[in-house]
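Work through the exercises below with the sequence and the 3D structure at hand. Try each task yourself before you read its solution.

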Amino acid sequence: MIIFMTLLTKEIKRFLVVWEQTIIGPLVSAFLYELIFGHIFSTISSDLSNISYTKFLIPGLVIMQVLMGSITNSSSSIILSKYHGNIIFLLMAPISPFTMMNAYLIACIIRSIILSLVIFLGLACFSIVIPKSISLFILFIVLGSIISGGLGIIIGILTS
């Protein structure tokens with residue numbers, strides 16, 4: 001359990017140290033998407049009553065940034081460890097592959113939750129969007145980050 005918590009803490013600190021890239025970067029990207037596409041498509045009338053294009057776009061932007069952030073979080077961590085040559089210390093440690101994978105995935109989940117909250121708050125200047133089922137939305141964020149984080153781990157392992 002100590003090794004798991006150490007690896008998890010290392011991964012969380014790794015993405016929090018460069019918060020400008022891991023948190024603010026996706027926020028700016030989502031903000032630009034909303035600014036450009038929200039402005040262009042806001043003039044087009046839709047068949048959806050009481051739902052503006054902005055309210056339609058914001059949850060999609062949140063999920064898009066969560067999926068992209070999860071896959072880059074896990075893959076870049078493994079690839080950078082290979083590049084810097086310190087992955088050997090992780091592979092020599094008495095830690096099972098299952099525990100290693102769980103630490104990477106939980107770090108992806110934590111980053112995804114932080115990122116989704118920041119993006120929701122950042123895009124609140126365009127429109128306040130509250131999902132009808134917050135628990136279902138959180139479930140989609142967690143499951144999406146697990147799937148994308150798992151794919152990122154595979155990409156990190158296969159990349160030489």
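**Exercise 1. Decide whether Cys 108 and Cys 125 are buried or exposed, and state how many disulfides a search of the whole structure finds.**

Solution. Keep in mind from the start that this is a predicted model. Begin with Cys 108, whose relative accessible area is 0%; because buried means under 20%, Cys 108 is buried. Turn next to Cys 125, where the relative accessibility is 58%; since the cut-off for exposed is over 50%, Cys 125 counts as exposed. For the last step, recall that a disulfide is a covalent bond between the sulfur atoms of two cysteines. The search of the whole structure finds zero disulfides.

**Exercise 2. Find out where Asn 73 lies and which residues it touches beyond its neighbours in sequence.**

Solution. First locate the residue: Asn 73 belongs to helix α3. Its relative accessible area is 1%, so Asn 73 is buried. Then list its partners, leaving out residues up to four places away in sequence: Asn 73 touches Arg 14, Phe 15, Ala 107, Cys 108 and Arg 111. Cys 108 from the first exercise is thus one of the residues touched by Asn 73.

**Exercise 3. Check whether the end-to-end distances of α3 and α6 agree with the spans expected at 1.5 Å a residue.**

Solution. The expected span is 1.5 Å times one less than the number of residues in the helix. For α3, which has 32 residues, this rule gives 46 Å, and because the end C-alpha atoms are 45 Å apart, the two values agree. For α6, which covers residues 134-158 and has 25 residues, the rule gives 36 Å, and the end C-alpha atoms are 36 Å apart, so here too there is agreement. As a final step, look just past α3, where Gly 85 follows with a positive phi, near 85 degrees.

**Exercise 4. Identify the helices against which the buried residues of α6 pack, and examine Ser 112.**

Solution. Start with the buried residues of α6, among them Phe 137, Ile 141, Gly 144, Ser 145 and Ser 148. The buried residues of this helix pack against α3 (53-84) and α5 (97-122). Now take Ser 112, which is found in helix α5 and, with a relative accessible area of 2%, is buried. When residues up to four places away in sequence are not counted, Ser 112 touches Val 66, Ser 70, Ile 141 and Ser 145. Two names in that list, Ile 141 and Ser 145, also appear among the buried residues of α6.

**Exercise 5. Describe the aromatic pair formed by Tyr 33 and Phe 37, and decide how it should be classed.**

Solution. A pair of aromatic rings is described by the distance of the centres and the angle of the planes. A search of the whole structure finds three aromatic pairs. In the pair of Tyr 33 and Phe 37, the ring centres are 5.8 Å apart and the planes meet at 20 degrees; because planes under 30 degrees apart count as stacked, this pair is stacked. Both residues lie in helix α2 (residues 19-41), where four residues, about one turn of the helix, separate them. As for accessibility, Tyr 33 is partly exposed at 35%, and Phe 37 is also partly exposed, at 34%.

**Exercise 6. State which residues Leu 7 contacts, and how far Leu 7 is from Met 68 in sequence and in space.**

Solution. Leu 7 lies in helix α1 (residues 2-17), and with 6% relative accessibility it counts as buried. Leaving aside neighbours within four places in sequence, Leu 7 is in contact with Leu 90, Ile 95, Met 100 and Ala 103. Met 68 is 61 residues from Leu 7 in sequence, and their C-alpha atoms are 22 Å apart in space.

**Exercise 7. Summarise the whole chain: how many helices and strands are there, and what percentage of the residues is buried?**

Solution. Count the elements first: the chain has six helices and zero strands. Next consider burial, where 35% of the 160 residues are buried. Among contacts between residues at least 6 apart in sequence, 89% join residues at least 24 apart. Finally, the chain exposes about 9,700 Å², of which carbon and sulfur atoms supply 76%.

Technical notes: Residues are numbered from 1 along each chain as its sequence is written. This is a predicted model: local features need pLDDT of at least 70, side-chain atom pairs count only at pLDDT 80 or more; totals for chains, interfaces and linings use all residues. Side-chain values use heavy atoms; hydrogens and water are left out. Buried means under 20% relative accessible area, exposed over 50%, partly exposed in between (1.4 Å probe, protein chains only). Contact means heavy atoms within 4.5 Å. Rings of Phe, Tyr and Trp (its six-membered ring) pair if their centres lie within 6.5 Å; planes under 30 degrees apart count as stacked, over 60 as edge-to-face and the rest as tilted. A disulfide is a pair of cysteine sulfur atoms within 2.5 Å. Accessible areas come from the Shrake-Rupley method with a 1.4 Å probe; for residues, only the protein chains shown count as cover.
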